[in-house]
Amino acid sequence: MQDCFVNGFRNPKQSRVIINAWAIMRDPNAWWEPNKFLPDRSLESDIDLRGHDFQLVPFGSGRRSCPGLQLGLTVDQLVVEHFVHCFDWELPNGMLPGDLDVTEQYGIVQLEPSFEGDWLNDFSYIIYILMLYFLFGGL
Ligand code: HEM
């Protein structure tokens, strides 16, 4: 392992580098009206989310990208389909979508169990363990 330079910035060996996907997703050079929630922007797009187009990297890119990509996409789709199919959604007490507080909060998502609560309900953690089980033949 060696130090390296990226765009003139020195990265000492063994540095931990965190890609700021939030900033990439809000870069006006990469996205039209980046601060607006426009799901339709994906309809006509040929941007690849498997790590080949760097303006959209939900699963990372390269050798350490997410091995659960296909499972993640499948499960997400199934969950949303079931939610839409099984429930009638509405906001309470005549609330309008604009009344919802969707203010962002600063933070980093970590994949680890919550030992304080009912961690069995932590769906991500169970999926993660299953993935390890299948990958390494049972841990
Ligand atoms: C929509 C769902 C998911 C998203 C958005 C997601 C996203 C990510 C991202 C961004 C990374 C880091 C990639 C990097 O460092 O470049 C990652 C790594 C990883 N993900 Fe996922 N993931 C998802 C679902 C899953 C699932 C379902 C599993 C397991 C069944 C999984 C297992 C892993 C593992 C083991 C790594 C570490 C890979 C490594 O460091 O070599 N992920 N994921």
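A residue is called buried here if 20 or more other C-beta atoms lie within 10 Å of its own, and exposed if 12 or fewer do, with partly exposed in between. Keep that in mind for helix 2, which is hardly covered: among its 18 residues, the count of buried ones is zero. The chain as a whole tells a similar story, since buried residues make up 1% of its 139 residues.

Before going further, bear in mind that you're looking at a predicted model. The protein chain averages a pLDDT of 82, and 78% of the residues score at least 70. Confidence is highest in strand 2, at a mean of 93, and lowest in helix 3, at 62. Where pLDDT is low, the predicted coordinates should not be read in detail. For the model overall, the scores are ipTM 0.98 and pTM 0.72.

Now for the layout. The protein chain has three helices and two strands. Walk along from the N terminus and you meet them in the order β-β-α-α-α. As for how the chain meets itself, take the contacts with a separation of 6 or more: residues 24 or more positions apart account for 14% of them.

Start the tour after strand 2, which covers residues 9-11; Gln-14 sits in the loop that leads from there to helix 1. What is unusual about the backbone at Gln-14? Its phi is positive, about 70°, although Gln-14 is not a glycine. Most residues other than glycine have a negative phi. Gln-14 also counts as exposed, because it has just 7 C-beta neighbours inside 10 Å.

Move on past helix 1 and you come to Glu-33, in the loop between helix 1 and helix 2. Glu-33 is another residue other than glycine with a positive phi, this one near 45°. Is Glu-33 buried or exposed? With 9 other C-beta atoms within 10 Å, Glu-33 is exposed.

Further along is Cys-66, which lies in the loop between helix 1 (21-25) and helix 2 (69-86). UniProt, in an unreviewed entry, lists Cys-66 under "binding site". Which residues does Cys-66 touch, leaving out those up to four places away in sequence? They are Phe-59, Gly-60 and Gly-72. Cys-66 has 16 C-beta neighbours inside 10 Å, so it counts as partly exposed.

One of those contacts, Gly-72, belongs to helix 2. Gly-72 counts as partly exposed too, because it has 16 C-beta neighbours inside 10 Å. Another residue touched by Cys-66 is Phe-59. The C-alpha atoms of Gly-72 and Phe-59 are separated by 9.3 Å, and the two residues are 13 apart along the chain.

Helix 2 itself is worth a quick check with a ruler. At 1.5 Å a residue, its 18 residues should span 26 Å, and the C-alpha atoms at its ends are 26 Å apart, so expectation and model agree.

Beyond helix 2 comes the loop that leads to helix 3, and Phe-87 has its place there. Phe-87 is exposed, because it has 8 C-beta neighbours inside 10 Å. To get a feel for distances, look back to Asn-20: the C-alpha atoms of Phe-87 and Asn-20 are separated by 35 Å, with their positions 67 residues apart along the chain.

Pro-92 is in that loop as well, between helix 2 and helix 3 (123-136). How far is Pro-92 from Gly-60, C-alpha to C-alpha? The gap is 37 Å in space, for 32 residues in sequence. Pro-92 has 5 C-beta neighbours inside 10 Å, so it counts as exposed. Past this loop you reach helix 3, where the mean confidence is lowest.

Technical notes: Residues numbered from 1 in each chain as written. Predicted model: local features only at pLDDT ≥ 70, side-chain atom pairs only at ≥ 80, totals over all residues. UniProt positions renumbered as here; feature names shortened; annotations may be inferred. Helix = DSSP H or I, 4+ residues; strand = E, 2+ residues; numbered from the N terminus. Contact = placed C-beta atoms within 7 Å. Expected span 1.5 Å × (residues − 1). pLDDT = per-residue confidence, 0-100.
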